[in-house]
Every structure is written in structure tokens, then in C-alpha cells.
Amino acid sequence: MKLDKVLKLAGIIVGVAIITVLAIWPVIPNVKWIPFTNLIKQGLDLKGGVYVVLEAVDTPDIPVTADSMKQAMAIIENRVNAFGVAEPIVQLQGSRRIIVELAGVSDPDEAVRNLIKTAYLEFKTSDGKTVLTGRQLKTAQEGKNPQTGQPEVNLEFEPDGAKIFAEVTAANVGKPIMILLDGQVVQAPTVREAIPNGKAQISPYESLEAAHNVAILLRSGALPVKLEVMEKRTVGPTLGADSLNKSIVAGLAGCIAILIFMIGYYRVPGLVANLALVIYTLVVLMIYAALHVTMTLPGVAGFLLSMAMAVDTNIIIFERLKEELWSGKTLRSAIDAGFKRAFVAVLDSHVTTLIAGMVLYYFGTGPIKGFGITLSIGVLASLFTAVAMTRWILQLVAGTNLIHNLKLFGK
Amino acid sequence: MSLRESMPFHFIKLRKIWYTISVLIILPGIISLFLQGLNLGIDFSGGSLLDLKFNQPTSIEQVRSVLDEFGLEGSSIQRSNETDYLVRTRELTEDENTNVVKELSDKLGGVTVQRSERVGPVMGKELIYKAFQALAVASVLIVIYVAWRFELKQGLAAIIAMLHDALVVLGVFSIFQIEVGSDFVAAVLTIIGFSLMDTIVIFDRVRENSLNKKKGEALEDIINRSMWQTMTRSINTVLAVLFVLVALLLLGGTTMRSLVLALLIGTLSGAYSSICNASPLWFDFKRMETKGKPKTAKA
């Protein structure tokens with residue numbers, strides 16, 4: 001028995017145990033990155049939220065141009081920011097598509113409706129002439145009418161708009177002025193007197209929230225193009241949390257079954273493999289956190305499958321180790337030879353799976369991409385831990401001379 | 001006594017039996033694919049899906065009567081339990097969607113939308129196109145890699161074994177008309193990856209055994225020996241994958257079920273094809289190459 005190697009081995013086990021606890025248990029309260037699994041971004045299917053692909057379509061009046069797409073993007077971004085959700089994603093795909101991802105919105109369908117509203121505001125006189133549009137609007141704010149307590153939207157025009165508004169109201173005293181949103185008359189108040197300060201109100205609204213939504217739309221401006229929903233996926237927060245819990249339980253059950261199987265079948269190497277698997281899991285989770293990989297349901301499946309691959313790598317190596325022991329080699333040279341011979345098979349099998357994973361990542365969209373990336377990272381990490389960690393720890397165990405019975409190594 | 005020494009039967013000599021089993025499994029699937037095709041989910045065909053949770057026990061008839069009001073007679077209504085329903089309709093616009101949900105909620109005592117999906121027909125076509133593109137690109141890259149590391153004939157045998165597995169999964173999903181969505185594409189590609197991994201571990205052993213073969217050992221015997229040597233590994237690996245998949249199938253959420261089911265079938269098929277198809281096929285390819293001077297030892 002060699003004390004230094006025993007100590008080294010004990011050190012590794014203690015170290016891994018500490019990191020594992022830090023990874024999954026909130027040991028120190030109020031530290032945001034402990035447990036560090038909190039750092040892994042959860043996808044919409046796990047957290048609840050909405051994923052929507054919008055496409056700009058040409059209308060007879062308004063063709064889609066690169067410029068109008070830029071404007072539309074900016075407006076969508078404004079509206080998205082107004083929802084106040086953490087880390088929203090707005091990206092342009094190709095020349096006409098906008099992808100929006102919002103996590104944790106309480107009413108995803110409502111959010112989508114507000115995203116695609118054209119929000120074209122017009123003021124028309126009773127003879128149907130458009131006198132003002134949303135372009136001359138300075139700001140819009142929801143509020144409550146001081147007298148009636150009813151929710152309303154307060155509008156304020158830019159100086160040029162205010163000037164026109166003053167002239168128009170002066171010329172139309174006693175007549176109605178129609179306020180239209182997306183071509184629909186919202187309100188048609190009768191002008192009592194000229195309004196020189198460039199301020200107007202629209203009311204009534206069902207609730208302050210409804211007024212708030214309209215105010216956001218008016219503030220962010222009218223969309224220069226017509227946007228249509230090509231694809232929409234929403235997941236309510238309850239279903240998301242449910243899916244997350246279920247995958248964690250399923251994942252744990254699968255892992256525990258593998259750990260028990262490995263010890264039961266491979267004895268000492270099985271124990272070593274289990275230690276390597278725990279390290280593997282930690283490494284993979286840390287890479288996910290570091291690369292900001294978004295975890296989705298297919299991503300969880302990809303992770304668990306790559307874990308099964310890591311197990312396979314260990315199995316290939318241990319079967320080799322047994323063969324080398326049968327051929328009469330000593331434990332240490334059997335470990336060396338076993339690894340050397342197993343490496344070729346391990347490398348080739350990993351590269352082919354990596355090819356499949358990368359192709360999925362490259363060609364896939366949304367969740368499929370997530371599957372491809374978790375599978376690819378898992379494959380690379382499996383190659384590293386099986387070849388570097390398992391080998392190193394196995395040699396360390398052999399070096400301690402704690403175990404003399406080669407049967408425990410599978411002979 | 002371990003399998004590697006006892007070698008209960010000769011894999012290569014029995015290869016006609018393995019081919020027959022494969023054909024018998026695949027043929028009904030192919031016929032079904034031609035006759036009824038796949039049950040394409042909205043990811044492919046376009047449409048809308050609502051995952052609903054009613055506040056009170058609700059019957060299919062009640063749900064259907066509300067949908068009928070909107071002219072959605074052809075919709076599929078799937079009941080998970082007395083309050084949970086999956087409703088698939090033609091593509092609904094945002095306004096239609098809102099109205100349907102509101103009406104369901106008003107008439108049937110309140111409803112929560114757990115999940116709502118809408119996919120336009122264009123997106124479905126793009127997905128199918130991308131799926132085939134991914135499959136083709138992955139196949140070509142893998143054949144190139146295997147041909148480089150081993151030999152072209154082995155690459156071809158590996159690809160045939162892998163297509164075998166894809167066909168088995170497609171066939172089963174077609175026969176039982178299980179709905180396929182975009183995650184099915186991911187499942188099929190993973191199956192391909194796994195199938196190849198299994199095949200390559202065996203090929204690797206054949207490559208090694210060929211380098212230091214016993215005097216006068218025929219190719220078929222080398223292959224057979226290699227297969228039995230890797231048998232424990234093949235079985236144990238499939239077991240490890242099955243542990244994970246069965247756990248996911250039993251404990252994972254319903255949203256993952258078809259993905260996991262496809263992976264489960266594919267893993268079993270992959271294990272079979274990598275042992276019983278890939279190497280025997282390669283052996284037959286080799287025999288064609290050396291036609292006239294058979295290497296086969298007479299049994």
C-alpha cells in the first residue's frame with residue numbers, strides 16, 4: 001500500500017464530492033451561482049414562454065424592403081422590451097423573418113397578438129380626411145382619468161403635430177374627430193374647444209392593463225410592414241415546470257440504474273467508471289453553463305444519451321482490460337494495453353456520433369439545434385473523461401496496491 | 001464460460017437467417033409507409049395544436065360541440081384524462097385561436113392553455129426538406145469518414161445497416177400511426193449515430209484481428225470471432241442506453257414520449273443491425289469482389 005497514492009485518490013474523491021454538492025445544492029444562500037446548475041439557461045419548453053417566427057408579407061400598397069425590415073425589427077424590439085421579461089431574443093432570419101423568444105410571459109398568446117399588431121394610429125375629421133398619424137406622436141402613457149377614475153391613454157404630440165392638432169380642433173369645434181387604430185374606430189369624441197397644448201386622451205378601456213398595452217403599441221410606433229405568424233409555440237409555466245421536474249427525476253433514475261449496473265458487473269473498474277461518470281456530468285454541465293447552452297427537452301434527451309455513450313466508452317475499455325488480464329498481463333500493463341487498444345474504437349465511434357450531432361446542430365432549428373449541441377458537447381466530454389479521467393484514476397487505484405484480488409478487476 | 005470462448009453459433013454462416021429476419025421486420029413497415037404513410041404532426045403538415053386543461057371534468061362531445069361552432073369539425077381531439085385534452089386543428093389565426101379558447105372557457109367552465117402551437121404549411125415543407133438534407137449530409141460525411149478509417153465497402157455496409165434502423169423506426173411509426181413531429185427527425189439521426197457507433201466497434205475489432213490473424217483463418221471466421229469478442233460490450237451498452245430510455249419513457253413528461261419511443265425502437269434495431277447485418281453484408285461485398293476464388297472455408 002502506497003500512502004501518497006491513497007491520499008491522492010482520497011483527494012480526488014473528496015474534491016469531486018465537494019464540487020458535486022456545490023453544483024446541485026444551495027449550500028451558501030444568496031450566492032447566485034451556487035448551485036451552479038442555476039447558471040444553465042432553460043429553454044422555453046422548460047420555463048414556459050413563447051417562440052414565434054414572423055414573416056413580413058408584401059401587400060399591394062407596401063412592399064417589403066430591407067429598410068422596412070430594419071424598422072420592423074427595431075419596433076418589435078421596443079415592444080419586446082416593454083414586456084419586461086429577462087433575456088428576450090429578437091433575431092432576423094434570412095431577409096424577411098423575425099424570430100422572437102420570450103421566456104416567462106404569463107399570457108403568451110396575448111404577447112404574440114401585441115407583437116404583430118400594426119398599431120397604425122390615425123386621427124380623421126368627420127369628412128374622412130386623415131389629419132394626424134402616429135408618426136407625429138411624441139409619447140403615449142396609460143393613466144386614470146382624474147375625474148371619472150376610468151383607465152385611459154394619454155397622448156402627447158410632437159411640436160409639429162401639436163400645431164396641426166391645434167388648427168384641426170379649432171376648425172372642427174362641435175364636430176367629431178375620429179381616432180382609429182389599425183383602421184378601426186376606437187373613439188370619436190366631439191371637439192368642444194380648440195386644444196393648443198398637443199395633448200389628447202383615448203378612453204375608455206376595460207382595465208389599466210388594456211390601456212397599458214395600447215400605450216406600448218403607440219409608443220413603439222406603427223409597423224412599416226405586415227407581419228404574419230409562420231410558426232408559434234407557447235408553453236405555459238406550469239407545464240414547463242412539470243416537464244423540468246419529470247426530466248430530472250427520469251434522468252436521475254436512469255443514471256442511478258447505470259451506476260448500480262456498472263458496479264454490479266464490473267466491480268472495481270465499475271466504481272472507477274462511476275467516479276469518472278460523475279466527473280463527466282459535472283464537466284458537461286459546466287460547459288453548458290459556460291457556453292450559455294439553452295437546455296430544452298430534446299436537449300435533456302441529448303445529454304442523457306451522451307451520458308450513455310460515456311458509459312459505453314468505459315464498457316469498451318473494461319472489456320479490453322479483462323482480455324488483457326486473461327492473457328496473463330499484470331494489472332498495470334493490462335491497464336495500459338487495454339486503453340491503447342480500446343482508444344481506436346472509442347475514437348472512431350465518437351467521431352461518427354459527433355458528425356451526426358454537428359449536422360443536427362447545423363441544419364436543425366429551435367429544439368433540434370439544442371439536441372445537436374448537447375449531444376456534441378456530451379460526445380466530446382465523454383472522449384475526454386473516459387480516456388483521461390478513467391485511465392488516470394484506474395492507474396491510481398492500481399498503484400495504491402489496495403486491491404490484490406484481480407477478480408475484482410474482472411479477471 | 002464466457003460467450004467469447006464458447007461462441008454458441010457462427011454469425012456469418014447463419015447470415016441468411018439474419019437477413020430474413022430483417023426483411024420480415026422491414027417489409028410490413030415499407031408496405032404501411034406506401035399505403036398509409038406517416039401520421040404527420042403539425043410540425044410537418046402545418047396546423048394548430050392546443051394542449052388544454054379544463055377546470056372541471058369535460059367530455060370529448062362537449063369539446064367537439066364548441067369546435068363545431070367554429071367550423072372545425074375535422075379536428076382531432078385527444079383525451080389524456082378527464083380534464084386534459086390535446087386538440088389539433090387546421091391552422092388557426094391568432095384571432096381564431098383567441099376566440100376558440102374564449103368560447104371553450106366560457107362554455108365549459110374555464111380552461112388553461114398549457115401549450116399552444118401554430119405551424120404554417122411553409123414551415124412544415126422546410127422542415128421536411130431540412131430533415132432530408134441533414135440525413136443526406138450526415139450519411140455522406142459518415143461514409144467518407146468510415147471509408148477513410150476502414151474501407152469503402154465497410155462504409156457502405158454501415159450505411160445500409162443504418163438505413164435499416166431508420167426504416168424499422170419509420171415502419172413501426174407508420175404501422176401504429178404514431179404521430180411524428182420535428183423531434184422525430186432528431187431521434188432518427190441519433191439512432192443512426194448509435195447504430196454506426198455499434199457497427200464501428202465491431203469493425204474495429206475485425207480490423208485488429210485481421211492484422212494478427214491465425215494461420216489459415218478465413219475471413220468469415222475472423223469476423224465471427226470479432227463479433228463474439230465484442231458481444232459482452234454490445235449487450236452491456238444496449239442495456240445502459242435502455243436504462244436511460246426506459247426511465248425517460250416511464251418517468252419523463254408526455255411531451256418527450258414519441259422521441260423516447262423512437263429512440264428505444266432504434267436502439268434495439270441498431271444493436272441488431274450492427275451485429276447481424278453490417279458485418280455479414282460487408283462479408284458478402286468482399287466475396288463479390290473475390291468472385292471465382294471463394295475465401296469461404298467449406299463447412
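**Exercise 1. The second largest pocket**

Find which residues lie nearest the centre of the second largest pocket, then describe its lining.

*Solution.* Start with the residues: 28 of them line the second largest pocket, and Ile24(A), Thr37(A), Ile248(A), Leu252(A) and Leu285(A) lie nearest its centre. Here a pocket is an open set of points on a 1 Å grid over the protein atoms alone, where a 1.4 Å probe fits, with protein on both sides within 12 Å along at least five of seven lines; lining residues have an atom within 4 Å of a point.

Next, look at the elements. Those that give two or more residues to this lining are helix 1 (3-24), helix 7 (237-290) and helix 8 (297-326) of chain A. Helices (H or I, at least four residues) and strands (E, at least two) are DSSP runs numbered from the N terminus. Helix 7 of chain A supplies the largest share, 14 residues.

Then turn to chemistry: the lining divides into 21 nonpolar, 7 polar and no charged residues. In this scheme Ala, Val, Leu, Ile, Met, Phe, Trp, Tyr, Cys and Pro are nonpolar, Asp, Glu, Lys and Arg are charged, and the others, Gly among them, are polar.

Finally, the volume: about 960 Å³ of space lies in this pocket, taken as the space filled by probe spheres set on the points, with grid points joined across faces, edges and corners.

A word on the ground rules: this is a predicted model, where local features need pLDDT of at least 70 and side-chain atom pairs count only at pLDDT 80 or more, while totals for chains, interfaces and linings use all residues. Residues are numbered from 1 along each chain as its sequence is written, chains are lettered from A and ligands numbered from 1 in the order in which they are written, and side-chain values use heavy atoms, leaving out hydrogens and water.

**Exercise 2. The overall form of each chain**

Work out how spread out chain A is, and do likewise for chain B.

*Solution.* Take chain A, with its 10 helices and 13 strands. Its radius of gyration is 32 Å, well over the 22 Å that the globule rule gives for 411 residues, so chain A is more spread out than a compact globule. The radius is taken over C-alpha atoms, and the rule is 2.2 Å times the number of residues to the power 0.38. The C-alpha trace of chain A spans about 110 × 45 × 30 Å along its principal axes.

Now chain B, which has 11 helices and 6 strands. Its radius of gyration of 25 Å is well over the 19 Å from the globule rule for 299 residues, so this chain too is more spread out than a compact globule. Its C-alpha trace spans about 85 × 40 × 30 Å along the principal axes.

**Exercise 3. Two residues up close**

Decide whether Thr125(A) is buried or exposed, and place Ser226(B) in its element.

*Solution.* Thr125(A) sits in strand 5 (residues 121-125) of chain A. Its relative accessibility is 6%, so Thr125(A) is buried (under 20% relative accessible area, with exposed over 50% and partly exposed in between, using a 1.4 Å probe and protein chains only). Beyond neighbours within four places in sequence, its contacts (heavy atoms within 4.5 Å) include Val131(A) and Met178(A).

Ser226(B) belongs to helix 9 (residues 219-229) of chain B and is buried, at 0% relative accessibility. Not counting residues up to four places away in sequence, Ser226(B) touches Arg205(B), Val206(B) and Asn209(B).
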